[in-house]
Amino acid sequence: MESPPNKHIFPFSLPVDSDHKATEFRPFSNSLPHMRAFHLAWLSLFSCYFSTFSIPPLLAVLRQDLNLSAADIGRAGTAAFAGSVFSRLAMGTACDLLGPRLASAALSLLTAPVVLSTAFISSAQSFVLLRFLIGFSLANFVANQFWMSSMFSGSIVGLANGVAAGWANVGAGLAQLVMPMIFSLIVSLGVSSSTAWRVAFVVPAIFQAVTALMVLAYGQDLPDGNYWSHKHPRKASNKPRENVLGVLFHGLKNYRGWILGLTYGCCFGVELTVDNIIAQYFYDRFNVDIRMAGAIAASFGLGNLVSRPVGGVVSDEMGRRFGMRGRLWSLWAVQTVAGLLCVLLGRVDSLWGSAVVMCCFSFFVQAASGLTFGVVPFISKRSLGVISGMTGSGGAMGAVVAQLLLFSGSNKFSTQTGISLMGLLMIICTIPVGFIYFPKWGGMFCGPSNEPSSIDQDDYSLLE
């Protein structure tokens, strides 16, 4: 006998919609399957950020042992982000076809040995190559956001995406704080500094591998099961399975994804760049020691604990009050303010003045990232993973461009001037948000289309 339409076959601890997606978000719960997926997603990505940004706070020691020039450090910084540009796009397609659980765990397990191999590098060339390969792990971000969009309803998807990515991004800040402590602890045991920094990288490598195994053992792709489970073989929203080219094509042809990729490059891409340079910036410009520089730099990344989730909350609230227009206007406003603060950061000459401006800047730039992914799930129902990958790749590409143009080590201007120029780029590249338009919901300046029949529901409807 067929069950009534509103009766759920599976018991859920949280209220759910017709697709069994949670309509409430309880971050301190571990209820199955929604909140467990949330905790596994953010913790796995957290470990990847920790690994990727475990190197910058120890650069003051590494550059002496490896004889690194400013140009070598600049190339390595660029390589770290270049590695995640195409891997993020590939991860989006992998999530569409295999599910976020397998895609996330596989990437973390493949890159964890690369993190461990940091202990064995001996030249500038191997240092640059290693940072390039470790950067692949940042593609786990796409799986993180895809997973949240598959588990949580449209009314709270901005909050879920914001908290999952925000808590994960704290890994970058914690690495800035913890890695110098681990290094100092090992030195205090009588180990030479050139050996101590090598041993320190065992910690992020093991951490990343353990979280990947946890995702495999305890994770679940969808509220009703895994993507290719024999028991629950359906995919999200009962979509027909498509081949790789079909999924990829429908995502790449959507201009909204390209604009969000550009926008994300100027918020998250800038955030990655600052994570990469800020410890060395305070160390060199204000003559603080390695632990103080790490602590100040850590405050930038640790802000993600609150700021990115706030962006998601603002996006959802503005969406409830003003529809898509509210989401887009709030994204533009917050990111423009972040650009102005970035310009100011490069102009402040005092240590504590710079630290205060940096903290204010971190709040707005990270909130802008949360606001961006408050819009992403609405772009394409058919190719959600590809759109997430395009946007995520835009973030990595933004970091690559900023690193090459402004912080490559071969520029004639100072780091502080580069920071101010980066702020100007943020302001300019946020303007195209005004061109995003949805026939069903409108845009910043226009209302919805008067021809609803022209709307392709597969392309423009949120996965609800």
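How much area is buried between domain 1 and domain 2, and what share of it do carbon and sulfur atoms give? In this predicted model, the buried area comes to about 4100 Å², and carbon and sulfur atoms account for 68% of it.

To find your way around, start with the two parts themselves. Domain 1 covers residues 32-221, and domain 2 covers 244-444. If you take the centre of each over its C-alpha atoms, the two centres lie 19 Å apart. Where the domains meet, 54 residues of domain 1 are in contact with 53 residues of domain 2.

Now look at the polar side of this interface. Between domain 1 and domain 2 there is 1 salt bridge. You can locate a salt bridge at D284 and R63, where the closest N and O atoms are 3.4 Å apart. Across the interface of the two domains, 12 residue pairs are in polar contact, with both residues of a pair at pLDDT 80 or more.

Which helices supply at least two residues each to the side of domain 1 that touches domain 2? They are α2 (59-65), α3 (70-98), α6 (140-151) and α7 (157-188). Of these, α7 is the one to follow by eye, since it gives the most to this side of domain 1, with 18 residues. Sorted by class, the side of domain 1 that touches domain 2 holds 31 nonpolar residues, 18 polar ones and 5 charged ones.

Note on methods. Residues are numbered from 1 along each chain as its sequence is written. This is a predicted model: local features need pLDDT of at least 70, side-chain atom pairs count only at pLDDT 80 or more; totals for chains, interfaces and linings use all residues. Side-chain values use heavy atoms; hydrogens and water are left out. Domain bounds come from an automatic or database domain assignment. Contact means heavy atoms within 4.5 Å. Buried area is the accessible area (1.4 Å probe) that two parts lose on being put together, summed over both. A salt bridge is a side-chain nitrogen of Lys or Arg within 4 Å of a carboxyl oxygen of Asp or Glu. A polar contact is a pair of N or O atoms within 3.5 Å; within protein, one must be able to donate a hydrogen and the other to accept it, and residues adjacent in sequence count only if both atoms are side-chain atoms. Helices (H or I, at least four residues) and strands (E, at least two) are DSSP runs, numbered from the N terminus. Ala, Val, Leu, Ile, Met, Phe, Trp, Tyr, Cys and Pro count as nonpolar, Asp, Glu, Lys and Arg as charged, and the others, Gly among them, as polar.
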